[in-house]
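Thanks, everyone. I have one structure to go through today, and I will start with a single side chain on its surface before turning to the pocket and the fold.

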Amino acid sequence: QLVEVNGSPCLKLTEDEEKMTIPGMKTIYRLYDAAGHPFMDLMALEEEPSPSAGQELLIRVLGRLGESTKVIPSTVEPLHRTFFRDGQVCEPLPSLPEVRTHAQVSLNLLSPAHRRLHEPQPYPVAVTERLHRLFLELRQGSH
């Protein structure tokens, strides 16, 4: 979906919060707890400094944007990689077996609460406070 035009962030407006786009060029991080399980994925603006292990973060969980939450990850894994830029491959693409292995390893790292088939705990995705402020500015500016 369109999130930026000529370097300016943009927003798709809709009454359904789940269908709104999140503006700007972003990167995403997977946050892990002390047991080594991922507990949240975090979207940040590309120019923001990356979060650090042991550092407190002020975040907003999608679906509950009205309230900020503090989290302290034990480990931070950057997830965003650019494979294509301007129509050209800029990083070698992984093979199908590599993609399958990576997906299986990622699934196995999930905590049992997220992995169970009966009433699994939802896996949260959040945005940084800075990205949330940009979202609010664009939304208010469009009314």
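Phenylalanine 84 counts as exposed, because its relative accessibility is 52% and the cut-off for exposed is over 50%. Please keep in mind that this is a predicted model, so the accessibility is a value computed from predicted atoms.

Where does phenylalanine 84 lie? It is in strand β8, which covers residues 84-85. Phe84 also takes part in a nonpolar surface patch, together with Val89 and Leu93. The area of that patch is about 310 Å².

Now the pocket. The largest one has a volume of about 240 Å³. Which residues line it? Going along the sequence, they are Glu77, Pro78, Leu79, Arg81, Phe83, Pro94, Glu98, Val99 and His102. Two elements give two or more residues to this lining: strand β7, residues 75-78, and helix α1, residues 96-109. Of the elements, α1 gives the most, with 3 residues. Sorted by class, the lining has 5 nonpolar residues, 3 charged and 1 polar.

Last, the chain as a whole. How many helices and strands does it have? The count is 3 helices and 10 strands. In sequence order the pattern is β-β-β-β-β-β-β-β-β-α-α-β-α. The chain has 143 residues, and 30% of them are buried, where buried means under 20% relative accessible area.

That is what I have; I can take questions now.

How values were computed: Residues numbered from 1 in each chain as written. Predicted model: local features only at pLDDT ≥ 70, side-chain atom pairs only at ≥ 80, totals over all residues. Heavy atoms only, no water. 1 Å grid on protein atoms, 1.4 Å probe; cavity = no way out; pocket = protein on both sides within 12 Å on 5 of 7 lines; lining within 4 Å. Points joined across faces, edges and corners; volume = space filled by probe spheres on them. Helix = DSSP H or I, 4+ residues; strand = E, 2+ residues; numbered from the N terminus. Nonpolar A, V, L, I, M, F, W, Y, C, P; charged D, E, K, R; others polar. Patch = residues over 30% accessible without salt bridge, like charges linked within 9 Å, V, L, I, M, F, W, Y side chains within 5 Å. Areas by Shrake-Rupley, 256 points an atom, 1.4 Å probe, with all protein chains shown as cover. Salt bridge = Lys/Arg side-chain N within 4 Å of Asp/Glu carboxyl O. Buried < 20%, exposed > 50% of the residue type's maximum accessible area, 1.4 Å probe, protein only.
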